[in-house]
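Grab your favourite viewer and a coffee. Here are some exercises, each with a worked solution to check yourself against.

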Amino acid sequence: CEKSRERIVKLADINDIPYALRNHAYPAKAHNLKVKEHLLRKNPKLLSETSALFIAGEKLEGNKYCDTSKEFRQGRYFYYLSGVDIPGCSLLFNFKTDKLTLFLPNIEWDDIIWSGMPMTPEEALKDFDVDEVLYAKDIEKQINSECSGFKIFTTDLDNVYGEEIKKKLIHGDTDFFYAMDEARLIKDWYE
């Protein structure tokens, strides 16, 4: 993770960042609230008390017959809703409480020798506009405790792990895609 931070520092010179955006966090929470607003307006039968969204980010893809990875590119919907460019993360937004939870990938202890320690939940909580940060192993428990009986929308099931989690998700809903596209269409101060 330290190597990743060094690479990001090399790529993003503070002088390249517009002055108005310096020292401001990516507005992930505001983007989730926009999606919520558009989805509830598009489908008035939905209730904020029993709705949520869950979206999984992209994962690292290895190069065939090689110990390196292809260049990583985060999925656009996940990035819009989170501002997180870390492979293997997921996001849960509870419409009832407006609580935004980021799930970091589980620590692969065998990889630490090569990659160093990944970002901790405490670091992620400081760096990203979320209310809580947990590890991927906690996704099912979190959904069961906070969103039991909810309609939980997602884009697709490609990077969702765990059959029990998949069963609880509504994937490919046209109203959900409409809400995300509308939210992305109307730019905010940060964009």
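The exercises below start with the overall fold and then go down to single residues; keep in mind that this is a predicted model.

**Exercise 1. The fold at a glance**

Task: Work out how many helices and strands the protein has, and in which order the elements run.

Solution:
- Step 1. Count the elements: there are eight helices and six strands.
- Step 2. Walk from the N terminus, and the order reads α-α-β-α-β-β-α-α-β-α-β-α-β-α.
- Step 3. Add the chain-wide numbers. Of the 191 residues, 37% are buried. Among contacts with a separation of 6 or more, 64% link residues 24 or more positions apart.

**Exercise 2. Helix 2, length and packing**

Task: Check whether the span of helix 2 agrees or disagrees with its residue count, then find what its buried residues pack against.

Solution:
- Step 1. Helix 2 has 15 residues, and the expected span takes 1.5 Å times one less than that number, so it should come to 21 Å.
- Step 2. The end C-alpha atoms of helix 2 are 21 Å apart, which agrees with the expected span.
- Step 3. List the buried residues of helix 2: Ala 28, His 31, Asn 32, Lys 34, Val 35, Lys 36, His 38 and Leu 39.
- Step 4. For the spacing in that list, recall that an α-helix has 3.6 residues a turn, so residues three or four places apart point the same way.
- Step 5. Look across from the buried residues of helix 2, and you find strand 1, helix 3, strand 2, strand 3, strand 5 (151–154) and helix 8.

**Exercise 3. Nonpolar cores**

Task: Find which residues of the largest nonpolar core touch the most other members, and which elements each supply at least two residues of this core.

Solution:
- Step 1. The largest core has 32 residues, and Val 35, Leu 53, Leu 81, Leu 91 and Leu 102 touch the most other members.
- Step 2. At least two residues of this core come from each of helix 2 (28–42), strand 1 (51–56), helix 3 (76–82), strand 2 (90–94), strand 3 (99–104), strand 4 (132–135) and helix 8 (174–185).
- Step 3. Don't stop there: a second, separate core has 14 residues, including Ala 56, Leu 92, Ile 152 and Val 160.
- Step 4. Now zoom in on Leu 53. Beyond four places in sequence, its contacts include Val 35, Leu 81 and Leu 91, and also Leu 92 and Ile 152.

**Exercise 4. Ile 143**

Task: Decide whether Ile 143 is buried or exposed, and identify what it touches.

Solution:
- Step 1. Place Ile 143 in helix 6 (residues 139–146).
- Step 2. Its relative accessibility is 1%, and the limit for buried is under 20%, so Ile 143 is buried.
- Step 3. Leaving out residues up to four places away in sequence, Ile 143 touches Phe 54, Leu 92, Ser 148, Ile 152, Ile 165 and Lys 168.
- Step 4. For a C-alpha distance, take Asn 94: Ile 143 and Asn 94 are 49 residues apart in sequence and 9.3 Å apart in space.

**Exercise 5. Rings and cysteines**

Task: Find which residues form an aromatic cluster, which charged ends sit over a ring, and how many disulfides the structure holds.

Solution:
- Step 1. The whole structure has five aromatic pairs, and Tyr 77, Phe 153, Phe 176 and Phe 177 form one cluster.
- Step 2. The charged end of Arg 76 sits over the ring of Tyr 77, 4.9 Å from its centre.
- Step 3. Lys 42 does likewise with Tyr 178, its charged end being 4.6 Å from the ring centre.
- Step 4. The disulfide count is zero. Cys 89 is buried at 1% relative accessibility, and Cys 147 is buried at 2%.

**Exercise 6. Loop residues**

Task: Look at Tyr 65 and Asp 98: what is the phi of each?

Solution:
- Step 1. Start from the background: most residues other than glycine have a negative phi.
- Step 2. Tyr 65 has a positive phi, near 60°. Tyr 65 sits in the loop between strand 1 and helix 3 and is exposed at 78% relative accessibility.
- Step 3. Asp 98 also has a positive phi near 60°. Asp 98 belongs to the loop between strand 2 and strand 3 and is partly exposed, at 23%.

Key
Residues numbered from 1 in each chain as written. Predicted model: local features only at pLDDT ≥ 70, side-chain atom pairs only at ≥ 80, totals over all residues. Heavy atoms only, no water. Helix = DSSP H or I, 4+ residues; strand = E, 2+ residues; numbered from the N terminus. Buried < 20%, exposed > 50% of the residue type's maximum accessible area, 1.4 Å probe, protein only. Contact = heavy atoms within 4.5 Å. Phe/Tyr/Trp six-rings, centres within 6.5 Å; stacked < 30°, edge-to-face > 60°. Lys NZ or Arg CZ within 6 Å of the ring centre and 35° of its normal. Disulfide = S-S within 2.5 Å. Core = buried A, V, L, I, M, F, W, Y, C linked by side-chain atoms within 4.5 Å.
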